[in-house]
Amino acid sequence: MAEGGPPECQTQKDEIRNCLNQQLKKGDIWYLLDTKWYKQWKKYVGYDKWDSGCVGEASANPGPIDNSPLLKGDGQLQEHLSEDLDYMLLPGDAWNRLLSWYGIIPGQEPICRGVIEQGMFVKHCKVEVYLLELKLCENSNLDKTTAKQFSRSSTIAQLEKKMREVFSIKEDKEVRLWNRYMSNTYEHLSKMENSLQDSGLYPGQVIVIEEKNDDGTWPRQAKSTSSYNTSSTSSYEKTSTRSYSNYEGGVSQGSTSSYNSGYSYEAGRGVATPGVCGLSNLGNTCFMNSALQCMSNVPMLSEYFLSNKWKEELNPENPLGMRGEIAESYAELIQTIWSGKYMYTLPRAFKLSVGRFAPQFSGYQQQDSQELMAFLLDGLHEDLNRIKSKPYVELTDANDRPDEVVAKEAWDNYRKRNDSVIIDTFHGLLKSTVKCPQCNKISVTFDPFCYLSLPLPIKKERQMSVTWVPLSPEEKPQVIRLTVPKSGCVGDLTKALSKMVDVPHKMIKITDVYNHRFHKVFKEEEGLNHILERDIIYAYEVCVKNTEDDPNIVVLPIYFRDKGRSRPSTNYGGRDQLFGTPLFIPVKGKVTYDMLYDLLLVQMKRYVKVPDPKEEWWKDEDKEEMETNEENGDTDKPVNGEVSNMDVCESDDELEDKKKDNGESKSCKARRLFTFSAVNSYGSAELDHKFIDDGSHLRITPKTYVAVDWHTVAKEKFYDEKEAESVEEHESGKNKNPQKKQVIQLKDCLQLFTEAEKLSEHDPWYCPSCKKHQQATKKFDLWSLPNILIIHLKRFSYNRYWRDKIDALVEFPVKDLMLDKCVINKKLGKQRYDLIAVSNHYGGLGGGHYTAYGLNKTTNDWYYFDDSSVSQSSDDQVVSKAAYVLVYQKRGVTSSQYISKPSNAPSTATSGASDCNMLNGAAAGTTNGVNSNGINHNDDMDTN
């Protein structure tokens, strides 16, 4: 820590702010910092203007950096951590400054990570928070693996070097590395200069090292010359070769591979029904597999790629496209899936092609199946766009012209720049109407859409678990489950709790308890969206409604610390370990050390046993500590900056004199179980102000935090940790038959989507008549629907503080979805659809698992796709609360008609590149100059 302490708060704020302006640069080192420590630091220095009430106050000092919440017991990083929610990423300059100012708790090392570059054509720098863990083994002992972590930017040569070290293989010994997918599928990693990322390695993959025999042969000598690689080649490199084996001990060598990767789709040979082919999970790629299975079961699209018509329309020169690679790799995959030769396949070439153009999909983190589907359709459209030279098209407003005229003009203009199988198949047209509340100006536009993202009409409520801590020391804390408005404030929470516990809501303090300390004490007006599901919320009963009503009452935050057998040499860290659940103790009037001590004993009497006054429980400890101090040359060690009669046994004469001064009895005072220290709000640093046990009044303010420093032996003998941590379950959490969850109908989602809504004040519309931004009213209507209608159920919602998944059942028809009434263009006639595929998501945010249902176009049977596993299903199993993306096919459209003659009906484009202001597309667009996502819904419905 810096000598003399940190600089002025303003200086800290300015220096860190300047450091945070640094951009990610390949090869740089960045550091992880616990978000809650960082927020406490920001509060201390007044980083944010709206949170500057405690600038420079000692109680707000965050103390030494503590990343403990980010780490497991073995020091490894916790899994599934999220940036901003769990940790902040700081460049080296910012980290080094904070480290020099505040230090880091003893025994903890900085968490540093390198910046790597992802993507081949679209470069994207990213801090590699989670390293790639591979399982290493020798060819001679495939059952014994050793897990090691590597950067994705490491090369195959570096991987080989590490494996030589792990298995003690000499440098002059010739070796080969193999990538083992399954027990009978191997890939030779021969390009030593390739990075692990470019080689397509994923977490948990088994890497085998093979040593050459003394006679010059290899243990895994080829036993077959058959090739398992495709012969098609890409437009950018055609010379790569890879070796594969699909049997134990066998290798096929020297075949030409596709896409410079050599990755074969043909791993799982066997007789299978065409289209019924699993996709192996390459490491958190279930989202991709789910999306691909849905698209594979779109008959007209698969027939298009199986007929090779796509080759005639390939447009690799399109500057908005993917050089034809997305179309080529997808076509190869579809041909494999529908060949009927494979039970499962490895979609690695497709994944690598996607990763080259969309860096967000290049790694092996869990992603969203709908986002991948949107990117795929956009990429296929541009790779197969029949328009070679796009003309300039000027968009015009309706200006009171008939809808039919404006719609036809919008669609014709769109088709002048966009004409592909994707447009023919997946695109429809939306009418967007915006009305100015001041001048009543109405703006009408017609915009293409590729899929509909439908909000779910559920009530804006959430369940919260709160641990209630009553003031009465005899009562145990209770875990209470409450229903509160999702967009409500903390006051709503206290009022709901008040009804449960029969305590006035003004006498309840809501806190976020984190690592045995109060991370935050909430004010009633603060929003509940600041409280995450992972936060541990405690509610404390206090004896006053408001300390401002009675200035003589102070509610003291109390922390418990285990002081160890000797005190640390500095105010930071050391053996002062926090434990237990913190408390709030209301103190009225002036209080002495004795009074506070007795008050704490009463409050803790349920789990603290008071020793017999004659019991000298500390004797053995004193002898041991004295011997330790003598060995260390430390015989006069101060406590709390003072030598006090509560910690040091004085002579009888000295003690008697002091007791006379204090009016105490002449009998020897028993040793205290604990002492008090004034600390910062984090409990990690002691303040200069000391509490002295001399009978005088303690200097206590509303911002004082008190640490109860337990003597180690006293804690072991008299503190019942099990009883202290025990809680009861309230009746609200015991209900074994909770109220049935709301069941939502798909038609209700469509109705909510088409309801008129007022734009938020943060997303106004610029009125051309008023010449200013207005909170206009906006309405969507369906004008025409595509042959394949993709419906995205918006189960996930995100904001700065809140992430949620709606797990409600949405009921949707498997057959005969009638949308006639939803379409305002009545000239189109019947609009009826049948379900052909569903993408499912199970679990919560930050993980979960994706699967898919698909209706086979050949057998007309439903199948359930779970990565490489495929099983037959039925239409009554398809509707579930896991349904996330629905794919419907319009009745009366056949694949043969479709291939020979593209549809002329309005459908719409997904070129996220710029051709139109797409609605609900991969990139949220704007209509009428209004962001389509900036819509406020009514108070009792959540639209997500």
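I began at Trp-468, which stands opposite Ala-539 in strand 22. I note at the outset that this is a predicted model.

**Entry: the sheet around strand 18.** I looked up how strand 18 (residues 461-469) meets strand 22 (residues 537-541) and found three bridges joining the two, which run parallel. I then traced the open sheet of six strands and recorded the order 21-20-22-18-19-27, with mixed pairing. Its edges are strand 21 (517-521) and strand 27 (728-729), each of which pairs on one side only. I next asked which strands helix 13 (residues 490-501) lies across. I listed strand 18, strand 19 (478-485), strand 20 (508-514) and strand 22, with the helix running at about 130° to strand 19.

**Entry: helix 2.** I checked the burial of helix 2 (residues 35-45) and found that nine of its 11 residues are buried, so the helix is largely enclosed by the rest of the structure. The buried residues include the aromatic positions Trp-37, Tyr-38, Trp-41 and Tyr-44, and also Lys-36 and Lys-42. I then looked for what covers them, and my list includes helix 1 (9-19), strand 1 (29-34), strand 2 (87-91) and helix 3 (92-102). Strand 20 and strand 21 also belong to this cover. After helix 2 comes Gly-46, for which I noted a positive phi, near 70°.

**Entry: helix 11.** I compared the span of helix 11 (residues 403-417) with expectation: its 15 residues reach 22 Å from first C-alpha to last, close to the 21 Å expected at 1.5 Å a residue. Its buried residues are Val-406, Ala-407, Trp-411, Asn-413, Tyr-414, Arg-415 and Arg-417. Among the elements covering them I recorded helix 12 (421-426), strand 15 (428-435), strand 16 (442-449) and strand 32 (777-784).

**Entry: nonpolar cores.** I asked which residues touch the most other members of the largest nonpolar core. Of its 93 residues, these are Met-295, Phe-305, Tyr-330, Phe-426 and Tyr-888. Another core, of 35 residues, lies apart from it, and I noted Val-554, Leu-600, Val-708 and Tyr-719 among its members. For context, I recall that nonpolar side chains tend to be buried together in soluble globular proteins.

**Entry: cysteines.** I searched for disulfides and found zero in the structure. I then asked of Cys-9: buried or exposed? Cys-9 has a relative accessible area of 12%, and is therefore buried, the cut-off being under 20%. Cys-822, at 27%, is partly exposed.

Technical notes: Residues are numbered from 1 along each chain as its sequence is written. This is a predicted model: local features need pLDDT of at least 70, side-chain atom pairs count only at pLDDT 80 or more; totals for chains, interfaces and linings use all residues. Side-chain values use heavy atoms; hydrogens and water are left out. Helices (H or I, at least four residues) and strands (E, at least two) are DSSP runs, numbered from the N terminus. The expected span of a helix is 1.5 Å times one less than its number of residues. Buried means under 20% relative accessible area, exposed over 50%, partly exposed in between (1.4 Å probe, protein chains only). Contact means heavy atoms within 4.5 Å. Two strands pair if DSSP finds at least two bridges between them. Axes are lines fitted to C-alpha atoms, for helices over the stretch in contact, and angles run from 0 to 180 degrees between N-to-C directions. A nonpolar core is a set of buried Ala, Val, Leu, Ile, Met, Phe, Trp, Tyr and Cys residues joined through side-chain atoms within 4.5 Å. A disulfide is a pair of cysteine sulfur atoms within 2.5 Å.
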